[in-house]
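Me: I am new to reading protein structures. Could you walk me through this one, feature by feature?

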There are 2 protein chains.
Amino acid sequence: MTTQLTTETVGKGEPAGLTPKGEQTRKHILETALGLFADKGYQATTMREIAAAAGCSLGLTYRYFSRKEEMVVALYARTAQELEEQVASLPHGTIAERYAAALEGDLVRLAPFREAMGTLFGVALVPDSELAVLGENLQELRAQVWGVFRKVIMEASDAPKPKQADDLATAFYAGYLAFLLFWLQDRTPNQQTTQELLSFGKDLLAKFRPALRLPLAGKQLARLVKIIGPMFGPMGNV
Amino acid sequence: MTTQLTTETVGKGEPAGLTPKGEQTRKHILETALGLFADKGYQATTMREIAAAAGCSLGLTYRYFSRKEEMVVALYARTAQELEEQVASLPHGTIAERYAAALEGDLVRLAPFREAMGTLFGVALVPDSELAVLGENLQELRAQVWGVFRKVIMEASDAPKPKQADDLATAFYAGYLAFLLFWLQDRTPNQQTTQELLSFGKDLLAKFRPALRLPLAGKQLARLVKIIGPMFGPMGNV
DNA sequence: ACGGAAAAATGAACGTGTTCAAAAATATAT
DNA sequence: ATATATTTTTGAACACGTTCATTTTTCCGT
């Protein structure tokens with residue numbers, strides 16, 4: 001009557017319980033798929049190709065990834081992990097410096113999968129999709145990344161009080177999404193325009209950071225966050 | 001040896017030349033499709049259903065719309081036309097008032113097709129898609145809407161000099177895209193959060209409009225536009 | 001009125017993502 | 001060890017977007 005599960009509630013897309021062997025197979029399929037994506041592109045890679053390259057049947061891949069895009073979600077989740085690690089070992093400095101460094105690091109890690117990320121965003125922006133950016137399935141991932149930006153702010157040399165830090169983290173998270181979207185659209189060589197935008201944003205943030213101490217600016221930020229914050233779901237602040 | 005075409009270079013997605021009858025059929029299929037979209041949703045509507053409802057073969061619909069999403073593009077092009085007309089007969093007032101009115105009007109017109117627009121944006125945000133927002137195929141449409149925002153600014157009571165108006169129009173166009181994206185994600189009843197964001201933006205714009213006369217703000221805007229402007233392609237300014 | 005060219009329209013097929021019922025393999029209880 | 005439940009794996013099928021060779025209709029010059 002007892003079950004033989006080992007891993008418990010790993011993620012949302014995976015089946016309820018996986019034995020060690022199952023986990024291993026899942027990982028192998030994912031690795032194979034990511035290799036093909038990086039090699040010949042996401043759209044050009046067929047589910048049947050992935051199955052063949054992984055040496056298993058087509059149906060099996062659907063046991064571990066209920067959608068093709070879910071493989072890209074797994075990839076993104078992995079780089080989110082790396083983002084967290086990067087920020088943990090980020091030199092102390094101003095908010096602007098740390099935020100810019102975090103964004104740039106993420107871009108570098110995602111670069112080989114730009115096209116795949118484009119398709120993921122395409123699906124993620126369809127509001128009632130299973131993988132909607134602001135949907136329930138990605139809630140945990142959102143909270144994780146939000147926490148990373150909170151850390152970017154709180155451990156900076158010019159960190160504000162915790163309450164405003166939460167507001168700023170929400171704004172940073174929104175800015176992060178917008179920034180990724182911009183990057184995906186940027187067709188200039190080496191995404192140079194995105195680099196310029198990053199520099200611009202960094203300068204702007206540094207220039208206007210002191211203004212945040214003014215009641216006017218603080219109030220406006222608080223008002224904005226009160227509007228858009230709830231769309232991201234609970235982040236620990238409420 | 002002469003050809004029998006009547007309409008010349010109507011748009012990008014349609015076949016090269018269409019006789020009046022062809023145009024009529026195209027319109028009929030589009031009308032049928034939009035009805036189905038509004039009725040049972042875009043994703044749930046099948047190309048075969050559209051063909052059946054329009055009383056023609058499946059293949060024929062592909063003669064007039066090379067992709068399913070192209071029907072949504074046609075819909076968007078229509079509401080862009082309506083946006084232009086609305087702005088033409090917009091009461092004189094401040095930039096903030098006029099911009100907010102334009103955005104709100106667009107939302108009202110697009111409301112019945114929110115889900116379809118979501119899917120369109122999904123495709124449009126895949127950079128190398130045939131229908132990429134910033135791609136060549138939608139260039140004309142982009143220029144048209146940009147012109148509308150330019151008019152919003154230039155014929156306002158607090159219109160700036162033409163050069164800054166161009167910069168502002170570019171920023172407004174980018175803001176417009178971001179705003180639509182936000183609206184698509186907004187799951188609150190009646191998209192109330194989007195309404196609040198609109199109010200916030202309007203207030204903010206009104207509050208900081210005077211600051212644009214300051215060299216500092218003007219320079220920052222100019223720098224931003226110099227970065228992101230080229231992504232939209234030629235808009236008449238260059 | 002006729003013949004030929006261009007356009008409109010058809011219907012069958014293909015590829016790909018996805019589903020599902022059933023078989024094979026594996027672990028647990030007695 | 002055997003029986004039983006559970007998980008893994010398979011392979012065939014479906015649905016839908018899309019393509020294409022072919023046929024039918026429409027238009028124009030003579």
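Me: What percentage of the 238 residues of chain A count as buried?

Reply: Happy to help! This is a predicted model, where local features need pLDDT of at least 70, side-chain atom pairs count only at pLDDT 80 or more, and totals for chains, interfaces and linings use all residues. Residues are numbered from 1 along each chain as its sequence is written, while chains are lettered from A and ligands numbered from 1 in the order in which they are written. A residue is buried if 20 or more other C-beta atoms, placed from the backbone, lie within 10 Å of its own. In chain A, 31% of the 238 residues count as buried.

Me: How many helices and strands does chain A have?

Reply: Helices (H or I, at least four residues) and strands (E, at least two) are DSSP runs, numbered from the N terminus. Chain A has 10 helices and two strands, and from the N terminus its elements run β-β-α-α-α-α-α-α-α-α-α-α.

Me: And what does the C-alpha trace of chain A span along its principal axes?

Reply: The spans are about 60 × 50 × 35 Å.

Me: Which turn and shift lay chain B on chain A?

Reply: Copies are superposed by least squares on the C-alpha atoms of residues with pLDDT of at least 70 in both. Here, a turn of 180° and a shift of 0.0 Å along the axis lay chain B on chain A with an RMSD of 0.1 Å. That is the relation of a two-fold axis. In chain B, the C-alpha nearest the axis belongs to Gly122(B), 1.9 Å from it.

Key:
A residue is buried if 20 or more other C-beta atoms lie within 10 Å of its own, exposed if 12 or fewer, and partly exposed in between; C-beta atoms are placed from the backbone.
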